[in-house]
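Trainee: I should like to understand how descriptive terms for a protein model are justified. May we take the terms one at a time?

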Amino acid sequence: MPVHLPSSSSWIGRLSTPGRYAVALAIVLIAWGAAELLHRLTGSPRIGGSFFVGVLVTSYLVGSGPGYAAAVVSFVIYNFYVASPKFSLAAYTAEDVLVLLTFPVVALLMGNLTGRVRDEAKRAQARELATAVLFEATREFSVTDDPALIRARLADHLAAAARGRAFVLFGEVLSFAGGAAPAAAVLEAARALAVADGAEARTIAAAGWRVRHMAGRGVAGWCAEPPPSAEEENLLQILADAGAAATARAQLVVAKADAEAHGRTEELRNALLSSISHDLRTPLAAVLASATSLQEFGDQFDAKTRHDLTATIQEEAERLNAFVTNLLNMTRLESGALDAESAAFDLAEVVDRTSRRFERLRGKRRIVCALGAEAGVAMGDPVLFEVALANVLENAVRYSPDGGTIALSSFQRDGEVVVQVADEGPGVGPGELSRLFEKFYRGSAARRTPGTGLGLSIVRGVMQGMGGRASAALRADAPSGLVMSLMLPAAKT
């Protein structure tokens with residue numbers, strides 16, 4: 001919150017110049033009444049102290065100028081008390097002359113000193129509080145990177161420091177504080193200053209306002225009553241410049257973040273295009289080579305060779321289909337078009353159908369299934385669950401070594417059906433587990449193997465779309481490998 005300056009909050013601080021002199025005259029009249037009362041009680045004409053007090057109070061409350069006026073009026077009134085008889089202009093004694101000469105000198109000196117002390121105290125207070133505003137503003141500016149918030153807070157702090165109104169204009173966005181918005185003439189002058197060729201940090205006057213140019217075609221203005229001193233004006237300009245610097249810094253931070261985000265997007269796009277081109281080119285080359293061989297030399301091949309070639313075409317076409325399906329699923333997930341059903345389905349049937357798809361792709365690896373009888377029925381979409389399980393099994397086959405075992409098991413726990421796939425691959429570092437389901441992220445051990453990093457992000461999205469979950473953990477029963485868990489609500493019996 002901005003620091004508010006209360007120095008002009010009293011009615012005396014808001015008085016005009018004639019009002020201040022009227023207050024001085026009222027104080028002199030009160031001092032005269034006290035002097036007359038003292039004279040009647042004591043009978044002595046030596047009552048100058050009462051007028052001295054009036055001069056001191058006047059100088060302290062309303063300043064040096066009214067204090068001088070009070071001293072002159074007090075001298076004229078006191079003159080009639082010194083004369084003897086009272087209120088006559090008879091000849092004065094030497095003592096009377098000395099008293100009359102001493103009174104105005106002492107009164108003027110007292111009024112001057114008191115007024116100067118008062119004015120200096122007010123200047124020191126205003127300087128201290130304006131400095132506090134500057135400190136608070138710069139502290140607040142340093143903790144935010146929002147240019148709009150900085151401009152709004154700058155208007156608040158300028159209004160507080162000026163003890164009046166303030167505004168900040170950036171383009172056509174106006175922020176103001178301390179009262180009503182500035183008049184149209186002030187805003188026109190501000191706009192002209194903002195777009196002036198070669199405009200530097202300078203301040204102009206406009207209809208009672210002070211308007212200062214800021215960086216980036218922005219301007220700040222303030223209107224103070226009474227007008228600030230030269231020192232206060234300097235602090236206001238420093239505050240405006242601090243706001244301009246903070247705004248420029250925030251804009252640079254935003255631009256830097258945008259540039260970094262753009263750079264990361266470009267990196268991801270290039271990586272995706274590179275991976276897509278590789279993952280498409282490899283199966284397409286195999287399909288093309290097998291089909292060309294069959295077309296040109298089919299009659300010369302034996303049955304086993306022709307079978308192997310057609311099997312290759314089928315396998316690579318299935319790879320292409322799975323790849324395109326993943327891209328389509330990711331598009332559906334990001335657009336919110338994933339339409340998941342929730343129905344009870346036979347988990348063993350889906351697991352068996354999915355695992356059989358990998359019979360030709362698993363090579364020398366073994367897929368061992370151990371499905372618990374109590375985990376036979378789950379709630380979800382069987383088609384989408386098959387998509388998720390296929391992506392998990394594909395990763396397990398891809399990263400497990402030849403001759404390794406992929407263990408597929410299921411069980412029920414806390415009202416959920418859990419399907420786990422444990423592989424014997426290289427695994428990941430403990431710090432990478434939380435990032436495995438991020439789009440395009442690939443563990444350090446997997447970067448030597450072709451892939452897009454989309455599979456597990458699709459798994460997480462599909463499982464969440466069905467009201468389930470997916471998690472990953474390091475194997476505790478083997479030197480390396482991962483355990484991927486897919487969890488769905490269990491069907492109520």
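Mentor: Let us begin with the surface: the protein chain of this predicted model exposes about 25,500 Å², and carbon and sulfur atoms supply 60% of that area. Buried residues make up 40% of the 493 residues. The secondary structure comprises 11 helices and 12 strands.

Trainee: Why is α9 called oblique to α10?

Mentor: Helix α9 (residues 347-356) and helix α10 (residues 382-399) pack at an angle of about 45°, their axes 10 Å apart. Angles under 35 degrees count as roughly parallel, and 65 to 115 as roughly perpendicular. An angle of about 45° falls in neither range, nor is it over 145, so the term is oblique. The crossing of α9 past α10 is right-handed.

Trainee: Which residues in α9 meet α10, and what classes do they bring to the contact?

Mentor: From α9, Leu-347, Val-350, Val-351, Arg-353, Thr-354 and Ser-355 take part; their counterparts in α10 are Pro-382, Phe-385, Glu-386, Leu-389, Ala-390 and Leu-393. By class, this contact has eight nonpolar, two polar and two charged residues.

Trainee: What makes α10 roughly antiparallel to α11?

Mentor: The angle between α10 and helix α11 (residues 455-465) is about 155°, with the axes 9 Å apart. The cut-off for roughly antiparallel is over 145 degrees, and therefore α10 is roughly antiparallel to α11. Here α10 passes α11 in a left-handed crossing. Among the residues of α10 in this contact are Leu-384, Phe-385 and Val-392, and among those of α11 are Ile-458, Val-459 and Met-463. The contact has 10 nonpolar, three polar and no charged residues.

Trainee: What makes the phi of Ala-207 worth noting?

Mentor: Most residues other than glycine have a negative phi. Ala-207 is not a glycine, yet its phi is positive, about 55°. Ala-207 lies in the loop between β3 (203-206) and β4 (209-214).

Trainee: How do you know that Ala-207 is exposed?

Mentor: Exposed requires over 50% relative accessible area. Ala-207 has 67%, and is therefore exposed.

Trainee: Why does Asp-414 count as exposed, and where does Asp-414 lie?

Mentor: Its relative accessibility is 75%, set against a cut-off of over 50%, so Asp-414 counts as exposed. Asp-414 occupies the loop between β9 (405-413) and β10 (416-422). Asp-414 also has a positive phi, about 50°, although it is not a glycine.

Technical notes:
Residues are numbered from 1 along each chain as its sequence is written. This is a predicted model: local features need pLDDT of at least 70, side-chain atom pairs count only at pLDDT 80 or more; totals for chains, interfaces and linings use all residues. Side-chain values use heavy atoms; hydrogens and water are left out. Axes are lines fitted to C-alpha atoms, for helices over the stretch in contact, and angles run from 0 to 180 degrees between N-to-C directions. Helices (H or I, at least four residues) and strands (E, at least two) are DSSP runs, numbered from the N terminus. A crossing is left-handed if the near helix is turned anticlockwise from the far one by less than a right angle, and right-handed if clockwise. Contact means heavy atoms within 4.5 Å. Ala, Val, Leu, Ile, Met, Phe, Trp, Tyr, Cys and Pro count as nonpolar, Asp, Glu, Lys and Arg as charged, and the others, Gly among them, as polar. Buried means under 20% relative accessible area, exposed over 50%, partly exposed in between (1.4 Å probe, protein chains only). Accessible areas come from the Shrake-Rupley method with a 1.4 Å probe; for residues, only the protein chains shown count as cover.
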